[in-house]
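Me: I'm new to this structure and would like a close look at one part of it. Could you walk me through the charged pairs and what surrounds them?

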Amino acid sequence: MAYAAYREPPGATPVVCETTFHVLDLTVASVDACRVRRALAACEGVGVLRCEPLLHASPASEHSSPRVRLMVRLPLACYAEVLHGVLACVPDGEIGPLTSWRAHLQRCGVAYGG
C-alpha cells in the first residue's frame, strides 16, 4: 500500500472546505471487508483511508477469523448513514471511536492539518 502527501505551492491561497471530516474506526472480519467497503462507497463523501489487518483476535468477537480495521473518513452529517450501511451488510464487528480529522492527523504523527 502506498501513501502520498501533497502540499500547495508557496503563495497559493488555501482552499477552505465547508465540510468538516471525522474518522471512524471499524473492525470487521476480513472476509466481510469488501462488502463493507462497497457499502461505504455508496455513501456520498465517505472513503476508506486505511485497511489494516489485525494480527490478534479480538476478545469481543464471537469468531476467531482474521479481522481488519478500516479507518473511514466521513462528514459528520453521514454518520448515521454509514452506521446503517455497515450494520446492514455485516453480522459482526466493532464500531470504534469517532475522532475529528485534526485528532486523526495528530494520531498519525502529523503536527498540523485541516
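Reply: Here is a tour of the salt bridges, with the fold around them first and the core and a few single residues after.

Keep in mind that this is a predicted model. The average pLDDT is 78, and 73% of the residues reach at least 70. Residues 1-9 fall below 50, and this stretch has 6 contacts in the model beyond near neighbours in sequence. Residues 12-18 also stay under 50, with 3 contacts beyond four places in sequence. Where pLDDT is low, the predicted coordinates should not be read in detail.

Now the layout. The protein has 3 helices and 4 strands, and going along the sequence you meet them as β-α-β-β-α-β-α. There are 114 residues, of which 32% count as buried. Take the contacts with a separation of 6 or more: 76% of them join residues 24 or more positions apart.

On to the charged pairs. Side chains of opposite charge can pair when their charged atoms come close. How many salt bridges does the structure hold? The count is 3.

Let's start with R35 and D32, whose side chains meet with N and O 2.2 Å apart. The two partners sit in unlike surroundings: R35 is partly exposed because its relative accessibility is 42%, while D32, at 8%, counts as buried.

Next come E52 and R69, with an N to O distance of 3.1 Å in their salt bridge. This pair ties together distant parts of the chain, since E52 belongs to strand β2 (residues 47-54) and R69 to strand β3 (residues 67-75), 17 residues apart. Is each partner buried, partly exposed or exposed? E52 is partly exposed, with a relative accessible area of 22%, and R69 is partly exposed too, at 27%.

The remaining bridge joins R67 to D92, and here the closest N and O atoms are 3.7 Å apart. It is another link between distant parts of the chain: R67 is in strand β3, whereas D92 is in the loop between α2 (79-89) and β4 (93-100), 25 residues apart. Why does R67 count as buried? Its relative accessible area is 4%, and the cut-off for buried is under 20%. D92 falls under that cut-off as well, so it counts as buried at 15%.

One more charged side chain deserves a look. R73 lies over the face of F21, 3.9 Å from the ring centre. As for rings pairing with each other, a search of the whole structure turns up 0 aromatic pairs.

From charges, let's move to the nonpolar side. The largest nonpolar core has 19 residues, and the members that touch the most others are L26, V36, L40, V46 and V82. Which elements each supply at least two residues of this core? They are β1 (21-29), α1 (33-41), β3 and α2. To see how one of these residues fits in, follow V82: leaving out residues up to four places away in sequence, V82 touches L24, L40, C43, V46 and L74.

A few single residues help fill in the picture. H22 is in strand β1 and counts as buried, because its relative accessible area is 14%. Beyond four places in sequence, H22 touches V72, R73, L74, L76, L98, T99, S100 and W101. You have already met R73, the residue lying over the face of F21.

V23 is in strand β1 too. Its relative accessible area is 1%, so V23 is buried. V23 and G47 are 24 residues apart in sequence, and their C-alpha atoms are 9.7 Å apart in space.

For contrast, try L87 in helix α2. Is L87 buried or exposed? It is exposed, because its relative accessible area is 59%. L87 and V36 are 51 residues apart in sequence, with 9.1 Å between their C-alpha atoms.

To pull the charged part together: R35 pairs with D32, E52 in strand β2 reaches R69 in strand β3, and R67 in strand β3 reaches D92 in the loop between α2 and β4.

Terms used
Residues numbered from 1 in each chain as written. Predicted model: local features only at pLDDT ≥ 70, side-chain atom pairs only at ≥ 80, totals over all residues. Heavy atoms only, no water. Salt bridge = Lys/Arg side-chain N within 4 Å of Asp/Glu carboxyl O. Buried < 20%, exposed > 50% of the residue type's maximum accessible area, 1.4 Å probe, protein only. Phe/Tyr/Trp six-rings, centres within 6.5 Å; stacked < 30°, edge-to-face > 60°. Lys NZ or Arg CZ within 6 Å of the ring centre and 35° of its normal. pLDDT = per-residue confidence, 0-100. Contact = heavy atoms within 4.5 Å. Core = buried A, V, L, I, M, F, W, Y, C linked by side-chain atoms within 4.5 Å.
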